[in-house]
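Subject: Model handover

Hi,

Here is the structure I promised to pass on. Have a look at it first, then read my notes underneath.

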Amino acid sequence: MTHTPRAAAEGARPSDGLDAHLVVDRNTFRLDITLTAAPGDVVALLGPNGAGKTTALRALAGLVPTTHGHFHLDGADLNRTPPENRPVGVVFQDYLLFPHLSALDNVAFGPRCQGATKAESRAQAAEWLKRMDLTEHATAKPRRLSGGQAQRVALARALATHPRLLLLDEPLAALDARTRLDVRAQLRRHLAEFEAVAVLVTHDPLDAMVLADRLVVVEHGRVVQEGAPSDIARHPRTDYIAQLVGLNLYKGRAEGHTVRLDSGPSITTTEDLSGEVYVAFPPSAVTLFRDPPTGSSARNHWRCEVAGLETHGDQIRAALTGELPLAADLTTVAAAELDLHQGASVWATVKAAQTHAYPA
């Protein structure tokens, strides 16, 4: 997703937007991350289970107390502000709609709490339902709504209070694949129109790549990498990120076009570098042979063993161990011709031109 942050476009003050340093201690776990964003930015928090993503979201909402740090929104210090008084909207994974209220009254709840009359709040709610293409479901109770409809009602309810910070906790996780596709497109449109800061927590790299301007990757309660989705995808710096974007990733020391990996073998690259580097290449760049390759133009080749096979889209992904642990993608026909099975010995080759090396 690409759009110009509205802070820059409209000359907003430098203090506008989100500036937070969140430190949360919970038993043996510590979250310690910094988040900044300008109005109009959509930031996605990515990370494995237990990394601290949802804890960060709940700390911003005021639902989890912080141990140290600060939370400034549009220049205001909200660190000690109770949840109900924060200009923050939240869309939870399970939506948490009021089961006894219609879709209209669910959305009207926020404006009503902010002091609007019943008529005013219902008028605002009707307008938000119209924006979400839900006018015909205004009188329906949550149990009568599909997952996609409930998600849009929850989003409308959060936006109806005109928050300066919108928090979305796995908003598409409960949807089936087809509904997810449609709702993701709608959510992208609404986030592109949102004039304040949005922070999205997700496990799905596609959700993050499509919806966010910037990714913040959290592991073990710390930020390990952040940047534009394209930069993260091209320059992963941890195994988790590499797996997320579908790359084989290694770290080593470069001398010219040769990178000697920390794990032992070397990789030849097209980049001429020196010092500590990462080397990455996609599983599709790997070609497998049952016998030592002859006549191959690939500069890189390693003897490996098949540790496992699984369907990956319309291909077969082979997990390999040996001189260089890696993942390789091949067609079902190629897998059959090679008679691949667990324990089979193979040679893996990768052309230097299909690798990408960058400073660590």
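Below are my notes on the rings, the charges and the cysteines.

A few ground rules first: this is a predicted model, where local features need pLDDT of at least 70 and side-chain atom pairs count only at pLDDT 80 or more, while totals for chains, interfaces and linings use all residues. Residues are numbered from 1 along each chain as its sequence is written, and side-chain values use heavy atoms, with hydrogens and water left out.

On the aromatic side, there are four pairs (ring centres of Phe, Tyr or Trp, the last by its six-membered ring, within 6.5 Å). One of them, Phe 281 with Trp 302, is stacked, at 6.5 Å centre to centre and 5° between the planes (stacked means planes under 30 degrees apart, edge-to-face over 60, tilted the rest). Phe 281 belongs to strand S12 (residues 266–281) and Trp 302 to strand S14 (residues 300–312), so the pair links parts 21 residues apart in sequence (strands are DSSP E runs of at least two residues, numbered from the N terminus). Phe 281 is buried at 0% relative accessible area, and Trp 302 is buried too, at 3% (buried is under 20%, exposed over 50%, partly exposed in between, with a 1.4 Å probe and protein chains only). Tyr 250 joins Phe 281 and Trp 302 in one aromatic cluster.

Two arginines have their charged ends over rings (CZ of Arg or NZ of Lys within 6 Å of the ring centre and within 35 degrees of the ring normal): Arg 131 over Trp 128, 4.1 Å from the centre, and Arg 157 over Phe 98, 5.2 Å from the centre.

As for disulfides (cysteine sulfur pairs within 2.5 Å), the whole structure has zero. Cys 113 is exposed at 55%, whereas Cys 304 is buried at 4%.

Cheers

Technical notes. Helix = DSSP H or I, 4+ residues; strand = E, 2+ residues; numbered from the N terminus.
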